Amino acid sequence: MIREHDLVVLKRDHREVGLEAGDVGAVVLVYPKGGYMVEFVDHEGNTLALLDLKEDEVLPLRGPALLRAKVLG
């Protein structure tokens, strides 16, 4: 079960906002009828994208995980 403030991983690209599968975001809101509002930030905490995503578009980030850094173009 994914809750607010949980970290999630994108399962597919959202190139229109510069995000790729594997990028990590934080759940800001869980919608009562399903789905999430997820915020993606840079290393300084600046919001890169705020997306409404369906449950099948993300995976919960659980256990040990290696986060990656990428340069945004």
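**Entry 1: Ala69**

I began with Ala69, which sits in the segment after E5. This is a predicted model, and I kept that in mind throughout. Is Ala69 buried or exposed? Ala69 counts as exposed, because its relative accessibility is 79% and the cut-off for exposed is over 50%. I then looked up how far Ala69 lies from Glu16: the two are 53 residues apart in sequence, and their C-alpha atoms are 19 Å apart in space. Ala69 came up again when I turned to the largest pocket, where it is one of the residues nearest the centre.

**Entry 2: the largest pocket**

I asked how much space lies in the largest pocket. I found about 500 Å³. The lining is made by 23 residues, and those nearest the pocket centre are Asp23, Val24, Val41, Arg68 and Ala69. Which elements give two or more residues to this lining? They are E1, E2 and strand E3, residues 36-41. I also sorted the lining by residue type: 15 nonpolar, three polar and five charged.

**Entry 3: Asp23 and its partner**

Asp23 had already caught my eye in the pocket lining, and I looked for its salt-bridge partner next. That partner is Lys70, with the closest N and O atoms 2.7 Å apart. Lys70 belongs to the segment after E5 and Asp23 to the loop between E1 and E2, so this pair ties together parts that are 47 residues apart in sequence. I checked the exposure of both residues. Asp23 counts as buried, because its 9% relative accessibility falls under the 20% cut-off. Lys70 is partly exposed, with a relative accessible area of 32%.

**Entry 4: the other salt bridges**

How many salt bridges does the structure hold? I noted seven. Side chains of opposite charge can pair when their charged atoms come close. I followed Arg15, which has two entries in my notes. Its side chain meets that of Asp13 in a salt bridge at 2.9 Å, N to O. Arg15 also forms a salt bridge with Glu20, where the closest N and O atoms are 3.5 Å apart. Arg15 counts as exposed at 58% relative accessibility. Asp13 is partly exposed, with a relative accessible area of 29%, and Glu20 is partly exposed too, at 27%.

Then I asked which residues are linked in a network of salt bridges. Asp13, Arg15, Glu20, Asp23, Arg68 and Lys70 are linked in this way. Of these, Asp23 and Arg68 I had already met among the residues nearest the pocket centre.

**Entry 5: the sheet**

I moved on to the strands. Five of them form an open sheet, in the order E4-E3-E2-E1-E5, with antiparallel pairing. Which strands are at the edges? They are E4 (47-53) and E5 (58-60), each of which pairs on one side only. From one strand to the next, the twist averages 40°. As a reminder to myself, strands of a sheet pair through backbone hydrogen bonds, either parallel or antiparallel.

I then walked through the pairs. E1 (residues 7-10) and E2 (residues 24-30) are antiparallel over three bridges, and Leu7 stands opposite Ala26 in E2. E2 and E3 are antiparallel over four bridges. Ala26 turns up here as well, with Glu39 as its bridge partner in E3. E3 and E4 are antiparallel over six bridges, and the bridge partner of Met37 in E4 is Asp52.

**Entry 6: the two faces of E3**

I wanted to know which residues of E3 lie on its covered face. They are Tyr36, Val38 and Phe40, while Met37, Glu39 and Val41 make up the uncovered face. Val41 is a name I had written down before, as one of the residues nearest the centre of the largest pocket.

**Entry 7: hairpins and positive phi**

Both hairpins I looked up have a glycine to note. The hairpin of E2 and E3 has five residues between the strands, and Gly34 takes a positive phi near 110°. E3 and E4 also form a hairpin with five residues between them, and in that turn Gly45 has a positive phi of about 90°.

My last stop was a residue other than glycine with a positive phi: His5, near 80°. Where is His5 found? His5 is in the segment before E1, and with a relative accessible area of 69% it is exposed.

Conventions:
Residues are numbered from 1 along each chain as its sequence is written. This is a predicted model: local features need pLDDT of at least 70, side-chain atom pairs count only at pLDDT 80 or more; totals for chains, interfaces and linings use all residues. Side-chain values use heavy atoms; hydrogens and water are left out. Two strands pair if DSSP finds at least two bridges between them. Axes are lines fitted to C-alpha atoms, for helices over the stretch in contact, and angles run from 0 to 180 degrees between N-to-C directions. On a 1 Å grid over the protein atoms alone, a cavity is a set of points where a 1.4 Å probe fits but cannot get out, and a pocket is an open set with protein on both sides within 12 Å along at least five of seven lines; lining residues have an atom within 4 Å of a point. Grid points are joined across faces, edges and corners, and a volume is the space filled by probe spheres set on the points. Ala, Val, Leu, Ile, Met, Phe, Trp, Tyr, Cys and Pro count as nonpolar, Asp, Glu, Lys and Arg as charged, and the others, Gly among them, as polar. Buried means under 20% relative accessible area, exposed over 50%, partly exposed in between (1.4 Å probe, protein chains only). A salt bridge is a side-chain nitrogen of Lys or Arg within 4 Å of a carboxyl oxygen of Asp or Glu.
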